[in-house]
Amino acid sequence: MKVVVCVKQVPDTKGGVKFKPDGTLDRSAMLAIMNPDDKAALEAALELKDEFGAEVTVVTMGLPKADAVLREAFAMGADKGVLVTDRVLGGADTWATSTTIAGALRNLDYDLILTGRQAIDGDTAQVGPQISEHLHIPVISYAEGIKVNPEEKTIEVKRQFEDRYHIVKAKLPCLVTCLSELNTPRYMTPGGIFDAFQKEVTVWGRKDLKDVLDSDIGKVGSPTVIAKASDKVAKGAGEKVVPDSPEEAVDYIVGKLQEKHVI
């Protein structure tokens, strides 16, 4: 069984966010981590490796420094890592990103593709389903439970849905987007960390993407236009009121809620 996990190196928002003049994130100037939902997807793949002996390949698209998340994946137990990086891929929105990743995945054999639900730097939840469309395979999103039957080549997913859940079954190959609530990712082991730097990361560029047009990648192939971008906006002090009694405080709050048509 072959499992491919798509992960993304995202800015560690605790360290602050920086933008380029054109409004895109300045990723090279920020501390970076593996996207939390993607780490849950990786853990799900490693659990399939523990249970069925699955081969786990991790794929990421980004700057050369995104090699770090592949090394982290190796240290957790992944078998292979692929870094897709090229200057012409920069500035990509979800459409261009999914087109690029799908072009890379066409070079690989897979029974199951796992991704995170969404990345904390975009929060669109679009890339996973878009990849499945490019590859013409079924997708199950918002997974909070996964069961695979390698003999029948099927997958059963407990899918989060508002205040309840769906049980969805599909034939493999299939793509599943995973919630961070799916599991608790394992820690890297000391031996795993040592071995991670002995393994070779496969690096692919534009020329390695299959069935991809230049007009569909990078900033040129991104239909999304950023009108404005900014860091956190400081909030004003607001209105300060010192009531003479609890009753007066209640009347004031209720009045404000009525004024703004909340109640």
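**Exercise 1. A serine and its surroundings**

Find which residues Ser222 touches, not counting residues up to four places away in sequence, and decide whether Ser222 is buried or exposed.

*Solution.* Step one: look around the side chain and backbone of the residue. Ser222 touches Gly91, Ala92, Asp93 and Ala96, once residues up to four places away in sequence are set aside. Please keep in mind that you are exploring a predicted model.

Step two: place the residue in the fold. Ser222 sits in the loop between S11 and helix H6 (246–259).

Step three: check the accessibility. Buried means under 20% relative accessible area. The value for Ser222 is 13%, so Ser222 counts as buried.

**Exercise 2. The overall picture**

State how many helices and strands there are in the protein, and what share of its residues count as buried.

*Solution.* Start with the elements: the protein has six helices and eleven strands. Next, take the residues: of 263, 41% count as buried. Then consider the extent: along the principal axes, the C-alpha atoms fill a box of roughly 70 × 45 × 40 Å. Now turn to the surface, where the accessible area comes to about 15100 Å² and 53% of that belongs to carbon and sulfur atoms. Finish with contacts: among those in the protein with a separation of 6 or more, 71% are between residues 24 or more positions apart.

**Exercise 3. Reading the sheet**

Work out the order of the nine strands in the open sheet, and explain why strand S9 (164–171) and strand S11 (202–204) each have one side without a neighbour.

*Solution.* Step one: trace the strands across the sheet. The order is S9-S8-S7-S10-S6-S1-S4-S5-S11, and the pairing is mixed.

Step two: look at the two ends of that order. S9 and S11 stand at the edges with a single partner strand each, so one side of each lacks a neighbour in the sheet. From one strand to the next, the twist averages 30°.

Step three: zoom in on one pair. Strand S6 (residues 112–116) and strand S10 (residues 174–178) run parallel and are joined by five bridges. In this pairing, Thr115 stands opposite Thr177 in S10.

**Exercise 4. Helices across the sheet**

Identify which strands helix H4 (residues 127–135) lies across, and which of its residues are buried.

*Solution.* First, follow the helix: H4 lies across S1, S6, S7 and S10, and runs at about 175° to S10. Second, list its buried residues, which are Gly128, Gln130, Ile131, Ser132, His134 and Leu135. Third, ask what covers them: the cover includes S1, helix H3 (94–105), S6, S7 and S10. Fourth, step past the end of the helix, where His136 takes a positive phi of about 60° just after H4.

For a second example, take helix H1 (residues 36–52). H1 lies across strand S1 (2–7), strand S4 (55–61), S6, strand S7 (139–149) and S10, at about 150° to S6.

**Exercise 5. Charged partners**

Say how far apart the closest N and O atoms are in the salt bridge of Lys49 with Asp79, and find which residues form one network with Lys80.

*Solution.* Begin with the total: the whole structure holds 15 salt bridges. In the pair of Lys49 and Asp79, the closest N and O atoms are 2.8 Å apart. The two residues link distant parts of the chain, with Lys49 in helix H1 and Asp79 in the loop between helix H2 (67–76) and strand S5 (80–84), 30 residues apart. Lys49 is partly exposed at 27% relative accessible area, and Asp79 is partly exposed at 28%.

Next comes Lys80, which forms a salt bridge with Glu55 at 3.6 Å between the closest N and O atoms. Lys80 lies in strand S5 and Glu55 in strand S4, so this pair ties together parts 25 residues apart in sequence. At 25% relative accessibility, Glu55 counts as partly exposed. Finally, follow the shared partners: salt bridges join Lys2, Glu55 and Lys80 into one network.

**Exercise 6. On the surface**

Name the residues that make the nonpolar surface patch of about 660 Å².

*Solution.* The patch is made by Val241, Val250, Tyr252, Ile253, Val254, Leu257, Val262 and Ile263. Pick one member to examine: Val250 is in helix H6 and, at 48% relative accessibility, counts as partly exposed.

Methods: Residues are numbered from 1 along each chain as its sequence is written. This is a predicted model: local features need pLDDT of at least 70, side-chain atom pairs count only at pLDDT 80 or more; totals for chains, interfaces and linings use all residues. Side-chain values use heavy atoms; hydrogens and water are left out. Two strands pair if DSSP finds at least two bridges between them. Helices (H or I, at least four residues) and strands (E, at least two) are DSSP runs, numbered from the N terminus. Axes are lines fitted to C-alpha atoms, for helices over the stretch in contact, and angles run from 0 to 180 degrees between N-to-C directions. Contact means heavy atoms within 4.5 Å. Buried means under 20% relative accessible area, exposed over 50%, partly exposed in between (1.4 Å probe, protein chains only). A salt bridge is a side-chain nitrogen of Lys or Arg within 4 Å of a carboxyl oxygen of Asp or Glu. Patches are made of residues with over 30% relative accessible area and no salt bridge: like charges are joined within 9 Å, nonpolar side chains (Val, Leu, Ile, Met, Phe, Trp, Tyr) within 5 Å. Accessible areas come from the Shrake-Rupley method with a 1.4 Å probe; for residues, only the protein chains shown count as cover.
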